[in-house]
Amino acid sequence: MPATHRVREKPCAQCGQPSPVMYRVIRKEEEGWVFLCPPCRRKAEEDNPEYRYGGTWKAEKGR
């Protein structure tokens, strides 16, 4: 029997759109960690000294 994968999605903390790849980042130190989609992560990183990258979340594990 083939393995079935459940569909996993997370909404972006900035735009609200679900994405199969999310980035765990800090935009502002007091805000803490949030998940952002690729376009929002690029915007958050620009000219932001408080920006920190904390890992990549993927909908399909092992890829």
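Which residues make up the largest nonpolar core of this structure? I shall begin with that point and then turn to the cysteines, the salt bridges and two arginines. Please bear in mind throughout that the model is predicted.

The largest nonpolar core has eleven residues, namely C12, M22, V25, V34, L36, C37, C40, A44, Y51, W57 and A59. At least two residues of this core come from each of β3, β4 and α1. As general background, nonpolar side chains in soluble globular proteins tend to be buried together.

Let me place this core within the chain as a whole. The chain contains one helix and five strands, and from the N terminus on the order of its elements is β-β-β-β-α-β. Of the 63 residues in the chain, 30% are buried. The chain exposes about 4800 Å², with carbon and sulfur atoms supplying 50% of that area. As for contacts between residues at least 6 apart in sequence, 39% of them join residues at least 24 apart.

One member of the core, V25, illustrates the packing. Setting aside residues up to four places away in sequence, V25 touches G32, W33, V34, L36, R41, Y51, R52 and Y53. Among these neighbours, V34, L36 and Y51 are also members of the core.

I come now to the cysteines. How many disulfides does the structure hold? The number is zero. C12 takes part in no disulfide, and the nearest cysteine sulfur, which belongs to C40, lies 3.8 Å away. C37 is likewise in no disulfide, and for C37 the nearest cysteine sulfur is again that of C40, at 3.6 Å. The cut-off matters here: a disulfide requires two cysteine sulfur atoms within 2.5 Å, so the 3.8 Å from C12 to C40 does not qualify. By that criterion the 3.6 Å from C37 to C40 does not qualify either. Both C12 and C37 are buried, C12 with a relative accessible area of 4% and C37 with one of 7%.

The next topic is charge pairing. A search of the whole structure finds three salt bridges, and I shall take them in turn.

One salt bridge joins R27 and E31, whose closest N and O atoms are 2.7 Å apart. R27 is buried, at a relative accessible area of 16%, whereas E31 is partly exposed, at 38%.

Another salt bridge is formed by the side chains of E29 and R52, at 3.5 Å from N to O. E29 sits in the loop between β3 and β4, while R52 belongs to strand β5 (residues 52-58), so this pair ties together parts that are 23 residues apart in sequence. Both partners are partly exposed: the relative accessible area is 44% for E29 and 39% for R52.

The remaining salt bridge is between the side chains of R41 and E45, at 2.8 Å from N to O. These two residues both lie in helix α1 (residues 38-45), four residues apart, which is about one turn of the helix. With 38% relative accessibility, E45 counts as partly exposed.

Let me close with the two arginines, R41 and R27. Is R41 buried or exposed? R41 counts as buried, at 16% relative accessibility. Leaving out residues up to four places away in sequence, R41 touches Y23, V25, L36 and Y51. Of these, V25, L36 and Y51 belong to the largest nonpolar core.

And where does R27 lie? R27 is found in the loop between β3 (21-26) and β4 (33-36). Besides its salt bridge with E31, the side chain of R27 makes a polar contact with the side chain of Q14, at 3.0 Å. With residues up to four places away in sequence not counted, R27 touches A13, Q14, V34, L36, A44, N48, E50 and Y51. Among those contacts, V34, L36, A44 and Y51 are residues of the largest nonpolar core.

To summarise, the predicted model has a largest nonpolar core of eleven residues, zero disulfides and three salt bridges. R27 is a buried loop residue that forms a salt bridge with E31, and R41 is a buried residue of helix α1 that forms a salt bridge with E45.

Definitions and conventions. Residues numbered from 1 in each chain as written. Predicted model: local features only at pLDDT ≥ 70, side-chain atom pairs only at ≥ 80, totals over all residues. Heavy atoms only, no water. Buried < 20%, exposed > 50% of the residue type's maximum accessible area, 1.4 Å probe, protein only. Polar contact = N/O pair within 3.5 Å; in protein donor to acceptor, adjacent residues only side chain to side chain. Contact = heavy atoms within 4.5 Å. Areas by Shrake-Rupley, 256 points an atom, 1.4 Å probe, with all protein chains shown as cover. Salt bridge = Lys/Arg side-chain N within 4 Å of Asp/Glu carboxyl O. Core = buried A, V, L, I, M, F, W, Y, C linked by side-chain atoms within 4.5 Å.
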